[in-house]
Amino acid sequence: MFKRNRWLRGVAAVASIASISSLSTGCGVLTSDTPDDDVPIVVGTTSSPSTLDPAASWDSSWELFRNVYQTLLSYPVGASTPQPDAAEGCEFSDSSHQVFRCELRAGLTFSDGSTLDAKAVKYSVDRIRKIKVNGGPAGLLGSLERVEAPSAQEVVFHLNKPDATFPFVLATPALSIVSPKAYPAEAPREESGIVGSGPYTLESYEEGSEARLARNEQYKGYAERQNNAVTVRYFQDSAEMVESLREDRIDLTYRGLAADDVIEFQGKASKEEEIKLVEGTGTSINYLVFNPKDPWAGKKPVRRAVAQVVDRGAITHKIYRDTVDPLYSMVPKGLTGHTTGFFDNYGDPSVDKARRILTEAGITGPVPLTLWYTTDRYGSETKLEFKELERQLEASGLFEITLESRPWKTYVDGYQKGEYPVFGRGWAPDFPDADNFIAPFVGEQNALGTPYEANEISNVLLPRSRRESDRGNVVKDFEEAQQILVDDARLLPLWQGRQYVATSRDISGAERALDPSTIMMLWQLSRKTSW
């Protein structure tokens with residue numbers, strides 16, 4: 001049943017936006033037949049952007065970017081491989097997968113009125129590599145040698161090695177196209193706001209609180225918008241977000257649902273309920289990162305002992321109530337190349353085996369480790385998860401654990417500066433391929449801001465796998481890469497998430513709104529018109 005008070009709340013939002021206009025004309029702007037698609041859909045999430053500049057972000061700031069910027073390629077509903085967006089078409093023009101050519105759509109413009117042409121695309125890509133933010137998206141462009149713009153509509157990417165995954169890279173919001181007039185070439189943009197060419201314009205933005213999006217009438221791309229406006233509200237914890245959903249202040253939630261809420265919504269699913277739960281498989285993962293420069297976390301036996309003690313089953317059952325699954329490899333289940341390497345090597349949790357690992361390395365007495373987590377990124381259970389990790393490790397008698405935390409904005413700065421001995425991260429894929437669960441975490445410039453030199457992976461296995469356009473032929477390379485990660489234990493996978501979106505009954509499209517990298521395509525959402 002359509003809830004009238006939800007509709008009236010949305011109308012009030014429209015009224016506040018139009019108040020100046022209505023007062024100046026001396027007549028009301030709202031009537032009883034105000035169309036539902038003019039009422040902003042309000043989305044709640046615990047995942048707020050760390051920046052508004054694509055050149056400075058390799059995190060879930062992309063969730064906003066996907067909706068306000070354009071990329072050459074993207075993912076229409078149902079697509080698992082990149083399709084044209086700002087481009088009219090793209091293809092490798094050679095058999096070795098080293099020259100990739102795109103032809104742009106005609107008549108593209110940015111929201112500031114400037115022209116989006118091949119020079120703007122080249123500028124956008126080049127500035128990512130010039131700025132080279134630590135932990136930023138430059139790490140995605142390791143195979144790129146140079147970009148050329150031979151004409152206003154043609155862009156050519158020359159790669160330094162074969163890379164069949166390059167179209168997937170171009171489809172990530174990291175490669176969002178920005179206006180050369182509005183974004184400096186050698187530093188992140190400091191001005192507020194966004195100048196893009198995506199399905200929406202950013203009408204207003206309050207950091208950590210709210211982003212108001214309106215339909216971009218100049219947009220030319222694949223997105224078929226089912227609404228005219230969306231407001232994204234950012235919450236510090238899951239409880240506040242769910243309360244807002246129940247009290248009709250938001251229309252749906254995306255990211256950050258607590259396990260208890262998922263269980264409750266699952267149990268109450270019926271046509272009579274005002275809130276429905278959209279559930280699907282997911283490939284997002286959560287894991288621990290060990291800093292090699294820390295005097296204790298940098299020791300391989302210490303890392304292996306931690307891996308031997310951690311009980312993933314207890315975390316997924318006690319903390320997440322089985323709404324997530326234990327994970328024993330950095331490559332999640334459901335992707336070609338997934339293994340269970342950590343279980344194969346370590347088996348069930350064992351204090352005796354962990355003690356033996358430390359003793360054989362000459363390490364006696366409890367090992368002091370500080371574990372860091374973010375307070376406002378992955379949901380309210382994060383704190384409980386780290387308390388459970390603390391309990392498990394200290395109960396072994398082998399570790400002395402200190403827990404520390406920060407809000408995401410400052411948390412990112414800390415791990416990029418290498419301040420944390422051990423820290424928690426989550427990862428939603430840039431694209432649905434095992435490559436994207438290995439490549440971003442290795443190399444001098446990676447998504448973690450923590451250098452990880454893994455020569456066999458970076459110089460042999462990944463380059464070899466990227467020569468294959470048929471990804472089913474690269475399983476052996478990914479299995480070998482995962483085994484190296486297991487042996488090093490620099491990254492410790494903990495659990496794999498599922499996709500849950502809680503939505504009011506009068507919202508449609510949530511089941512179609514997530515792309516293959518689990519970013520929400522806000523234009524798929526619509527408000528039902530029946531009363």
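**Figure 1. Surroundings of Phe-166 in the predicted model.** With neighbours within four places in sequence set aside, Phe-166 is in contact with Phe-92, Phe-100, Leu-141, Ser-143, Leu-144, Phe-157 and Leu-159. The structure shown here and in the other views is a predicted model. Phe-166 belongs to the largest nonpolar core, which has 108 residues. Leu-72, Phe-157, Phe-166 and Leu-525 are the residues with the most contacts inside this core. Helix H4 (residues 118–131) supplies the largest share of the core, six residues. A second, separate core of 34 residues includes Val-324, Leu-369, Phe-399 and Val-422.

**Figure 2. Lys-132 in the loop that follows helix H4.** Lys-132 lies in the loop between H4 and strand S6 (144–148). Although Lys-132 is not a glycine, its phi is positive, at about 50°.

**Figure 3. Val-367 and its contacts.** Val-367 is placed in strand S15 (residues 367–374). The relative accessible area of Val-367 is 0%, and the residue is therefore buried. Leaving aside neighbours within four places in sequence, the residues in contact with Val-367 are Trp-296, Val-302, Leu-358, Leu-398, Phe-399 and Glu-400. Of these contacts, Phe-399 is also listed in the second core of 34 residues. Val-367 and Leu-393 are separated by 26 residues in sequence, and their C-alpha atoms are 9.9 Å apart in space.

**Figure 4. Helix H8 and the loop leading to it.** Helix H8 (residues 300–309) is mostly covered, with seven of its ten residues buried. The buried residues of H8 are Val-302, Arg-303, Ala-305, Val-306, Ala-307, Gln-308 and Val-309. One of them, Val-302, is in contact with Val-367. In the loop between strand S13 (285–290) and H8 is Lys-293. This lysine has a relative accessible area of 73% and is therefore exposed. Lys-293 and Gly-139 are 154 residues apart in sequence, with a C-alpha to C-alpha distance of 21 Å.

**Figure 5. Packing of helix H9 against helix H12.** The axes of helix H9 (residues 312–319) and helix H12 (residues 381–395) are 10 Å apart and enclose an angle of about 140°. The two helices are therefore oblique to each other, as the angle does not exceed the 145 degrees above which a pair counts as roughly antiparallel. The crossing of H9 past H12 is right-handed. H9 contributes Ala-314, Ile-315, Lys-318 and Ile-319 to the contact, while H12 contributes Glu-381, Leu-384, Glu-385, Glu-388, Leu-389, Arg-391 and Gln-392. By character, the residues of this contact comprise five nonpolar, one polar and five charged.

**Figure 6. Asp-322 in the loop after helix H9.** Asp-322 is situated in the loop between H9 and strand S14 (325–326). Its phi is near 60°, a positive value in a residue other than glycine. With a relative accessible area of 38%, Asp-322 is partly exposed, because this value falls between the 20% limit for buried and the 50% limit for exposed residues.

**Figure 7. Helix H13 and its cover.** Within helix H13 (residues 408–416), the buried residues include Trp-408, Tyr-411, Val-412, Gly-414, Tyr-415 and Gln-416. Among the elements that cover the buried residues of H13 are S15, strand S16 (399–406) and strand S17 (422–427). Strand S15 is also the place of Val-367. Just after H13, Gly-418 adopts a positive phi of about 75°.

**Figure 8. Packing of helix H14 against helix H15.** Helix H14 (residues 455–465) packs on helix H15 (residues 475–488) at an angle of about 160°, and their axes are 9 Å apart. H14 is therefore roughly antiparallel to H15. In passing H15, H14 forms a left-handed crossing. On the side of H14, the contact is made by Glu-456, Ile-457, Leu-461, Leu-462, Arg-464 and Ser-465. On the side of H15, Asp-477, Phe-478, Glu-480, Ala-481, Ile-484 and Leu-485 take part. Seven nonpolar, one polar and four charged residues make up the contact of H14 with H15.

**Figure 9. Ser-517 in a loop between two strands.** Ser-517 occupies the loop between strand S20 (507–508) and strand S21 (526–527). Its relative accessibility is 1%, so Ser-517 counts as buried. Not counting residues up to four places away in sequence, Ser-517 touches Arg-255, Ala-428, Pro-429, Asp-430 and Phe-431.

Notes
Residues numbered from 1 in each chain as written. Predicted model: local features only at pLDDT ≥ 70, side-chain atom pairs only at ≥ 80, totals over all residues. Heavy atoms only, no water. Axes fitted to C-alpha atoms, helices over the stretch in contact; angles between N-to-C directions. Helix = DSSP H or I, 4+ residues; strand = E, 2+ residues; numbered from the N terminus. Parallel < 35°, antiparallel > 145°, perpendicular 65-115°, else oblique. Left-handed = near helix turned anticlockwise from the far one by under 90°. Contact = heavy atoms within 4.5 Å. Nonpolar A, V, L, I, M, F, W, Y, C, P; charged D, E, K, R; others polar. Buried < 20%, exposed > 50% of the residue type's maximum accessible area, 1.4 Å probe, protein only. Core = buried A, V, L, I, M, F, W, Y, C linked by side-chain atoms within 4.5 Å.
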